[in-house]
Amino acid sequence: MRRLVQAAVLVSLLVAPVAAVAGALAYDRAGLGSGRPAQAAQLAPFHEDAPPPGVDVKRRLTTDELYRKARLQRSGRGKVTALDGAPSAAAAPSGTPAIPMLTQHVEPSCTGTGTDGNRVQVVYARAEGLADRLPEVEALIRGEVATVDDVFAVSSDATGGGRRVRWVSDSSCRVVIQRVSLPRGALGSSLDATFDALRAAGLTAPDRKYLVFSEGASICGVGEMYPDTSRVGNYNDGHAPDGLLTRIDQACWSNPTYHSVAAHELVHTLGGVLESAPHPSAAGHCTDESDLMCYDDDGAGPVVMRQVCPLDQEMLLDCKKDDYFHTSPSAGSFLALNWNTADSSFLDVVAPLGLPAREPTALTVRVSGTSPATVTGTLTRSGGGAVAGAPVSVRTRPYGSSTWTLRAGLTTNGSGSVSYAVTPSSPLYVELSYVGDSVRAAATSPTVLVRVPTTTTAAAAAGSTTTLTGTVLNPVTRRGLAGLPVTLRVRWAGSATWSTVTTALRTDVSGRVVYRYATARPGTFAFSHPGSTTTLGSGSSGVLVRVPTKLTMTVRAGRPNLITGRLTSWSGTAMRSAAVTLQYRYAGTSTWRSGTTYRTSSTGYVSVRLQPRRAVYYRWVYQGTSTTHLSSTSAAGYVRY
């Protein structure tokens, strides 16, 4: 039972040593079956799970809200109308089936007198101080009872068998709903108090299981179970001193698009899922998804959920037919050697439904774009052709997590496609699913990873050694991304070709990389992140690195004075034919004025003879170029007149 593809997380039974949990209900079963472990003769302790987001089990729903949740609407006294327009009488199962393989609810089994033998009693329970709403909600409860039968009918058909619940019913095969009034507070959060009150109200017959629809607003659901593996005389099969109880609070009565809480809790009372099953969870469930009884019930590990069945199996029993329900298990298998809930005497054996094979479908998926990324799914028939107007759900889970979250419900367009936009601040898995219908089979897309977009920047600090700094950012959070590979490339001045300088860089905790370059040659440098398992690649714009220059000044006094300069690169290489300007300022002033511009010789020298008429300072100035060299200015030289 997928925690994140369901309308409610079930609160159910933990199959564990009873001594491990203080206050657990237990019964002394000494003498009721020789050779069994004492633990099998004790009720397993209760285990209560938190409800999923969006389901507030502590909120009491109005009757109208309950009907809307069940996708039903009241249209007059004694009548209920499904939202799809299908009418039904209050005395008959209401609404359309939640299981996509069916177009209508299955017919119930009407064997025996309706009260003979082992049977399941449907109960409506309210505590003192709460209104008795049974006349108003009876149709809802009957609809959920019909859904429970649907679950067993379709699940058993998958193994060539037929099963229906043996309900307590009247002479016309109409399920009897027993009304129970409990003391004030009996439907609070104390499950011991609830079950003590139910037993005090007479719900104790060992040949009954009690499916209790409660007006409580504290939990989702819970069911009793004995951890008994015996195939004969199993305590869960009417051999306990009292009938086994369930409790389903009103917020979880109906979940038409996901699964039946009532069916889940009833399976517990039938004896599923045993802790010795091939794929047990930590607390009385199983690990094969999708399955009515399978989910990560403690969230703490070491249980690892496995997606081994289609999503349309979420509403059905034992998707691999090897843990707790099979109408004809193979010899030597776990269910042939241990307790099998399909053999319960609380179920009638009937003819299989013989459901026709459904047309296979395929759901493809692709990711395009970055911020946002668009996940596009396309649903097609087996022979080609789009499936239009079909419901497709979107679920996601963070990278490194096993927890899925239902994000959206979409409908395919005329081309069979749906689109979902996402801008992840961290890497995210996305999966699309179609649950199918009575004609077409379910389909699940491959899981795709939406990687985090990145932005890479570059900066340079010039000098004899240029410091190049790159940064890889998450554009959504504007935070640096650590531990990512970065490549530095260069396009040398005068060339159109990029070459790799290094691929050995990795971002630090701030998302930065630093590379120092002895600046002997001009070029344009760029950082790039090639992408990783969880991030998309990106590249910086180029940053121009020009060669630093040095300009010297010498003055040789004379008449005239010889003023000489030499221009070299920072490493000392002479710069020939470069334009340098002689600037001057008179002693006692601060303003430099430009004089004549000269060209350096092949050795980088430039000289001029001058005889000023007043004291003056001279200096050489090189303006640099826009593509290759940085500017430089010599020291000032003083000349007397």
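**Two three-stranded sheets in a predicted model**

Guide: In this predicted model, strands S13, S14 and S17 form an open sheet in that order, with antiparallel pairing.

Visitor: Which strands are the edge strands here?

Guide: They are strand S13 (361-368) and strand S17 (417-422), since each of them pairs on one side only. Neighbouring strands of this sheet are turned by 20 degrees against each other on average, with direction ignored.

Visitor: How do you know that S14 and S17 are paired?

Guide: Two strands count as paired if at least two bridges are found between them. Strand S14 (residues 373-381) is joined to S17 by six bridges, so the pair meets that cut-off, and the two strands run antiparallel. Within S17, Val422 is the residue that stands opposite Ala373.

Visitor: Turning to the other sheet, in what order do its three strands lie?

Guide: The order is S30-S31-S34, again an open sheet with antiparallel pairing.

Visitor: Why is one side of S30 and of S34 left without a neighbour in the sheet?

Guide: Strand S30 (549-556) and strand S34 (605-610) stand at the edges and have a single partner strand each, so one side of each strand has no neighbour in the sheet. On average, and ignoring direction, neighbouring strands of this sheet are turned by 15 degrees against each other.

Visitor: What makes S31 and S34 a pair?

Guide: The requirement is at least two bridges, and strand S31 (residues 561-569) pairs with S34 over six bridges in the antiparallel sense, so the requirement is met. Gly565 stands opposite Val606 in S34.

Notes: Residues numbered from 1 in each chain as written. Predicted model: local features only at pLDDT ≥ 70, side-chain atom pairs only at ≥ 80, totals over all residues. Heavy atoms only, no water. Helix = DSSP H or I, 4+ residues; strand = E, 2+ residues; numbered from the N terminus. Axes fitted to C-alpha atoms, helices over the stretch in contact; angles between N-to-C directions.
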